[in-house]
Amino acid sequence: MGFLLSKPMDANFKKQQEFMLHNSRLQMERQILMQNQMRERQMAMQVAWSREILKYFGAFFTVVTVGLTVGAIKRKKPFLLAPIVPLGCIFAYQVDSAYGTLIYRIRGEAESIMTSEHDRLDLPYGTPTFDSIEKARRARSSLASFLEK
């Protein structure tokens with residue numbers, strides 16, 4: 001009698017396991033897609049931020065360059081043009097960051113680090129495990145209950 005009931009239960013159990021596996025796979029795919037969309041939005045915000053900063057710095061650079069050039073010509077002191085060089089480097093970086101290929105070069109360098117220098121990316125004490133997280137949680141919760149008393 002038990003054999004007659006166990007066979008359909010085993011089939012149901014197997015179907016339930018397959019359903020749970022499919023469901024967890026779907027959930028993971030959705031989570032990966034969501035995280036990627038969040039990353040893309042953050043990157044877009046960074047590029048937009050760079051472009052906004054460029055507008056303000058571009059205006060500042062223009063005013064300073066014109067002012068220093070006029071001052072150097074009027075006073076016949078060419079050393080007044082010296083600050084234009086470092087400001088020009090900063091301006092070039094801002095332009096590259098906002099409209100140039102800086103992000104592609106950074107991504108390429110990051111990919112190179114991930115493939116050839118992966119040891120630099122290791123976390124201290126290795127990757128967190130369930131046991132290490134649970135141990136820290138228990139320590140914190142016992143500390144909290146101790147402090148409440």
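Visitor: Is F60 buried, partly exposed or exposed?
Guide: This is a predicted model, and its relative accessibility for F60 comes to 41%. Buried would need a value under 20%, and exposed one over 50%. F60 therefore counts as partly exposed.

Visitor: How is the aromatic pair of F57 and F60 arranged?
Guide: F57 and F60 are three residues apart in helix α1, so about one helical turn separates them. Their ring centres are 5.9 Å apart, with 45° between the planes. Planes under 30 degrees apart would count as stacked and planes over 60 as edge-to-face. The pair of F57 and F60 is tilted.

Visitor: F57 and F91 also form an aromatic pair; what angle lies between the planes?
Guide: F57 lies in helix α1 and F91 in helix α2, so this pair ties together parts that are 34 residues apart in sequence. F57 is buried at 15% relative accessibility, whereas F91 is partly exposed at 26%. The rings are 6.3 Å apart, centre to centre, and they count as stacked because the angle between the planes is 25°.

Visitor: Which residues do the ring pairs link into a cluster?
Guide: The structure holds three aromatic pairs. Two of them have come up already: F57 with F60, and F57 with F91. The cluster linked by ring pairs consists of F57, F60, F61 and F91.

Visitor: Which helix supplies the largest share of the largest nonpolar core?
Guide: That core has five residues: F57, F61, V64, I84 and L87. Helices α1 (2–75) and α2 (84–99) each supply at least two of them. The largest share, three residues, comes from α1.

Visitor: Leaving aside neighbours within four places in sequence, which residues is F61 in contact with?
Guide: F61 belongs to the largest nonpolar core, as do I84 and L87. Both I84 and L87 are among its contacts once neighbours within four places are left aside. The full list is I84, L87, G88 and F91.

Visitor: What percentage of residues 79–104 is helix?
Guide: In an unreviewed entry, UniProt lists residues 53–73 and 79–104 for "transmembrane region". In the model, the span 53–73 is 100% helix and 0% strand, with its end C-alpha atoms 30 Å apart. For 79–104 the end C-alpha atoms lie 37 Å apart and strand is 0%, while helix makes up 73%.

Visitor: D96 meets R105 in a salt bridge; what is the N to O distance?
Guide: D96 is buried, at 19% relative accessibility. R105 is partly exposed, at 46%. Their side chains meet in one of the structure's five salt bridges, with an N to O distance of 2.3 Å.

Visitor: Which residues are joined into one network by salt bridges that share partners?
Guide: In helix α4 (residues 130–148), R137 and E134 lie three residues apart, and their side chains form a salt bridge at 2.4 Å, N to O. R138 and E134 are four residues apart in α4, so about one helical turn separates them; their salt bridge spans 3.8 Å, N to O. Shared partners thus join these bridges into one network of E134, R137 and R138.

Visitor: Within that salt-bridge network, is E134 buried or exposed?
Guide: R138 is exposed, with a relative accessible area of 53%. R137 is partly exposed at 45%. E134 has a relative accessible area of 15%, and a value under 20% means buried.

Technical notes. Residues are numbered from 1 along each chain as its sequence is written. This is a predicted model: local features need pLDDT of at least 70, side-chain atom pairs count only at pLDDT 80 or more; totals for chains, interfaces and linings use all residues. Side-chain values use heavy atoms; hydrogens and water are left out. A nonpolar core is a set of buried Ala, Val, Leu, Ile, Met, Phe, Trp, Tyr and Cys residues joined through side-chain atoms within 4.5 Å. Buried means under 20% relative accessible area, exposed over 50%, partly exposed in between (1.4 Å probe, protein chains only). Helices (H or I, at least four residues) and strands (E, at least two) are DSSP runs, numbered from the N terminus. Contact means heavy atoms within 4.5 Å. UniProt positions are given in the numbering used here, feature names are shortened, and annotations may be inferred rather than shown by experiment. A salt bridge is a side-chain nitrogen of Lys or Arg within 4 Å of a carboxyl oxygen of Asp or Glu. Rings of Phe, Tyr and Trp (its six-membered ring) pair if their centres lie within 6.5 Å; planes under 30 degrees apart count as stacked, over 60 as edge-to-face and the rest as tilted.
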